[in-house]
Amino acid sequence: MILHKLSIVNYKNIAEAQLEFCPKINCLVGLNGMGKTNVLDAIYYLSFCKSALNAIDSQIVKHDAELMVLQGNYTDEAGKPLDIYCGLKKGRRKVFKRNAKEYRKLSEHIGLIPLVLVSPADQELILGGSDQRRRFLDMVISQYDPNYLYEENRYRKALQQRNALLKREDALTDTDYLSVYEMVMAEAGKYVFEARQAFVDSFVPIFGRLYSCLGQGETVSLSYQSNVQPDQLALQLEQSRVKDQIVGFSLQGVHRDDLQMDLDTYPIKREGSQGQAKTYLTALKMAQFEYLKDKTGHLPLLLLDDIFDKLDASRVEHILQLVGQDNFGQIFITDTDKNFLSHMISTTGIDYRIFEVCEGEIKDEVQ
């Protein structure tokens with residue numbers, strides 16, 4: 001997938017921008033807080049129907065504006081054009097259109113434009129709670145398995161209903177409702193569990209290989225952890241009712257799954273340096289790229305947001321050599337140091353374009 005043109009109106013601090021991109025590497029440079037990341041977030045929004053940074057849609061509309069509009073003009077690997085439009089007015093529901101036809105459900109759009117974002121926020125995959133790692137699993141799998149998003153949503157709604165019932169004093173006497181919610185959780189949870197396990201099993205070899213290209217001799221591992229017995233989840237939930245009512249929520253289920261992230265057999269959260277953690281996360285996202293490419297048959301867009309900070313020149317060079325290969329497609333990079341970035345990319349011989357970003361205004365520097 002190639003993004004040729006991006007139109008932005010009132011997205012965060014960007015009042016208006018009309019951008020034409022290079023099919024290989026596009027660099028957005030400028031000081032922190034100028035709007036570089038907002039451009040990447042706009043591209044992300046057109047893939048996922050939401051911001052990577054703001055959970056509330058109204059927060060992405062420029063402060064003094066009432067309406068936000070994004071429009072992207074793409075072509076796929078076969079050269080077929082694809083136009084995506086998003087409009088959002090404060091107080092109204094957002095509108096997404098594909099080739100001028102509005103979606104009935106936004107979930108129908110997920111996976112159409114595969115995308116991988118590597119950003120400083122990824123450190124929460126290591127440092128944050130298990131919900132961050134489950135979100136990573138859900139985001140990757142939903143891009144190639146449209147039924148996964150449906151089953152995960154079905155599970156989550158039943159979980160919310162069961163938890164609400166558990167807070168009632170008479171919850172354990174209302175077993176009919178509990179049984180209904182638990183049956184839905186068991187059916188949907190089995191699907192979610194098996195999809196996550198299959199993903200991790202096939203993902204780990206790719207991840208290990210790519211880390212070896214970027215790292216300095218360490219070995220990495222990634223393992224899926226769950227308290228679920230997929231064919232026994234209904235029974236697990238039933239047997240846990242008394243404990244669950246005491247704590248007021250469900251202790252069993254795929255909503256408590258986690259990923260164990262290790263470096264040389266030790267948790268990277270405890271043992272890894274900043275550079276090792278950044279390399280670990282970069283390799284994780286590069287593996288995500290390769291995995292999605294194989295699963296969807298499309299080259300995902302790759303967004304690298306300020307990933308070169310705290311990396312030495314050799315690791316930066318390894319990353320650029322890796323993403324410069326033919327099996328990677330279009331790439332968007334942000335950085336504060338234009339001279340360093342342009343020097344590093346120019347040595348690879350890859351076509352690139354640089355955009356300078358200053359206080360929400362974007363200037364194209366033609367190479």
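**Notebook: Ser7, a small sheet and helix 10**

I started with Ser7, which sits in strand 1 (residues 2-11). Note to self: this is a predicted model.

Is Ser7 buried or exposed? I found a relative accessible area of 15%, and the cut-off for buried is under 20%, so Ser7 counts as buried. Next I looked up its company. Beyond its neighbours within four places in sequence, Ser7 is in contact with Ala17, Gln18, Val69, Leu70 and Gln71. With Gln18 there is also a polar contact, side chain to side chain, at 3.1 Å.

Then I turned to the sheet. Three strands make up an open sheet, ordered 9-10-11, with antiparallel pairing. At the edges I noted strand 9 (220-225) and strand 11 (266-267), each pairing on one side only. Strand 10 (residues 258-263) is joined to strand 11 by two bridges; in one pairing, Asp262 has Pro267 of strand 11 as its bridge partner.

What packs on this sheet? Helix 3 (residues 130-142) does, touching strand 9 and strand 10, and its direction makes about 100 degrees with that of strand 10. I also saw helix 5 lying across strand 9 and strand 10, at about 175 degrees to strand 9.

Last stop was helix 10 (residues 313-323), where I listed Arg315, Val316, Ile319, Leu320, Leu322 and Val323 as buried. These residues are on the same side of helix 10, because they cover an arc of only 160 degrees around the axis. I checked what they pack against: helix 5 (175-214), helix 9 (274-296), strand 12 (301-305), strand 13 (331-335) and helix 11 (338-346).

Technical notes
Residues numbered from 1 in each chain as written. Predicted model: local features only at pLDDT ≥ 70, side-chain atom pairs only at ≥ 80, totals over all residues. Heavy atoms only, no water. Buried < 20%, exposed > 50% of the residue type's maximum accessible area, 1.4 Å probe, protein only. Helix = DSSP H or I, 4+ residues; strand = E, 2+ residues; numbered from the N terminus. Arc of directions from axis to C-beta. Contact = heavy atoms within 4.5 Å. Pairing = 2+ DSSP bridges. Axes fitted to C-alpha atoms, helices over the stretch in contact; angles between N-to-C directions. Polar contact = N/O pair within 3.5 Å; in protein donor to acceptor, adjacent residues only side chain to side chain.
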